[in-house]
Amino acid sequence: SQLLIKDLHFDGVPVRIYFPREPSVGKRRGVIFFHGGCGIFGSIRCYERICRYITRKSDSVVVSVGYHLAPEHRYPAQTLECLTAAVHFLETADTYGVDPARIIVCGDSAGGTYTASVCQELGHRTDIPKVRAQVLIYPFLQALNFHLPSHQKNASTAFLSCDRAVHIILKYLNKDCSLKEPILAGSHVPESMNLKYKKWISPDLIPEVFKLGYKPPLPASFLPQVHEEVQELFEPRFSPLLAEDAVVCLLPDTCIITCEHDVLRDDGLLYKKRLEDNNVRVTWHHVQKGFH
């Protein structure tokens, strides 16, 4: 009764918009929400309660994006549809009673990946309003290193184990799941690439408080055929932590939420450091007893 809800399409992308019924004195804030589900499940309907809650509590207009799922819609269709919907809303915000200068992009898990990717793609754009802020809720941000402290600590955690995470990645990309073991071992990354990205992805960059009991793994043998099969993993669109500093420095104010019992915890911690190193304002919330 407090909300008005409409199902629309933004340039062909399904969206559900939540409006507070209470009249507003001026333009409202806007929230673009990308749901989680690893790109292969989840929906607008699954996140109905969350989006209603955000709308009520923040007195904002919320756009929940129903991007099409893999494997029927192959990567990077999901990211591109999220980008299309975001651009459309930024360009037409006035139509929905929203201040285009006060729109944030938000998502959880894979939705956090799409949020990071969309904000990276929009950072250099001068033809549309700037995104005011991004909110990344336990995002997946890199597929180079599955031996970070959080991967080791939470390798067998319920719902999203390390094994399951890589299995889902391969399903999402429509790859042979026999690639899982060499990827978990790190055999998909050549030494030159490990050295190049060590400045951004390394256990050495994780605060000591999160490394209790951590044991560095033995180096893995590089398998060129595996590397060639999974080139998508090295694209910043898939692994936003690999974006260059020239892209990262243009990102909006950021809120990152991490959970202690989550294999993806360290992705968030590493991105937090990258953003701060590039003078992006970051608010960080860590849920000590939280899980993915």
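A pocket, as the word is used here, is an open set of grid points with protein on both sides within 12 Å along at least five of seven lines, and its lining residues have an atom within 4 Å of a point. With that in hand, let us walk through this model, which is predicted.

The largest pocket is lined by 25 residues, and Asn 145, Glu 191, Asn 194, Pro 217 and Pro 219 lie nearest its centre. Its volume is about 650 Å³. Helix 7 (residues 191-197) gives the largest share of this lining, 5 residues. Sorted by class, the lining has 17 nonpolar, 5 polar and 3 charged residues.

Now turn to the sheet. Its 8 strands run in the order 1-2-4-3-5-6-7-8, forming an open sheet with mixed pairing. Strand 1 (3-10) and strand 8 (282-291) are at the edges with a single partner strand each, so one side of each has no neighbour in the sheet. On average, and ignoring direction, neighbouring strands are turned by 20° against each other.

Within the sheet, strand 6 (residues 133-137) pairs with strand 7 (residues 253-261) in the parallel sense, over 5 bridges. Here Val 135 stands opposite Cys 255 of strand 7. Helix 10 (residues 265-277) packs on the sheet, where it touches strand 6, strand 7 and strand 8, and its direction makes about 150° with that of strand 7. Helix 1 (residues 48-58), in turn, lies across strand 1, strand 2 (13-20), strand 3 (28-34) and strand 4 (60-65), running at about 40° to strand 2.

Val 135 appears again in the second largest pocket: together with Val 31, Ile 54, Ile 104 and Cys 106, it is among the residues nearest the centre, out of a lining of 17 residues. Strand 3, helix 1, strand 5 (98-108) and strand 6 each give two or more residues to that lining. This pocket holds about 380 Å³ of space, and its lining has 10 nonpolar, 3 polar and 4 charged residues.

Finally, some backbone details are worth a look. Most residues other than glycine have a negative phi, and most peptide bonds are trans. The bond from Ala 70 to Pro 71 is cis, with omega near 5°, and a cis bond also joins Tyr 75 and Pro 76, with omega about 5°. Pro 71 sits in the loop between strand 4 and helix 2 (77-92), and the loop between strand 4 and helix 2 is also the place of Pro 76.

Asp 59, in the loop between helix 1 and strand 4, has a positive phi of about 50°. Its relative accessibility is 35%, so Asp 59 counts as partly exposed. Ser 109, in the loop between strand 5 and helix 3 (110-122), has a positive phi near 55°. With a relative accessible area of 8%, Ser 109 is buried, because buried means under 20%.

Conventions:
Residues are numbered from 1 along each chain as its sequence is written. This is a predicted model: local features need pLDDT of at least 70, side-chain atom pairs count only at pLDDT 80 or more; totals for chains, interfaces and linings use all residues. Side-chain values use heavy atoms; hydrogens and water are left out. Two strands pair if DSSP finds at least two bridges between them. Helices (H or I, at least four residues) and strands (E, at least two) are DSSP runs, numbered from the N terminus. Axes are lines fitted to C-alpha atoms, for helices over the stretch in contact, and angles run from 0 to 180 degrees between N-to-C directions. Contact means heavy atoms within 4.5 Å. On a 1 Å grid over the protein atoms alone, a cavity is a set of points where a 1.4 Å probe fits but cannot get out, and a pocket is an open set with protein on both sides within 12 Å along at least five of seven lines; lining residues have an atom within 4 Å of a point. Grid points are joined across faces, edges and corners, and a volume is the space filled by probe spheres set on the points. Ala, Val, Leu, Ile, Met, Phe, Trp, Tyr, Cys and Pro count as nonpolar, Asp, Glu, Lys and Arg as charged, and the others, Gly among them, as polar. Buried means under 20% relative accessible area, exposed over 50%, partly exposed in between (1.4 Å probe, protein chains only).
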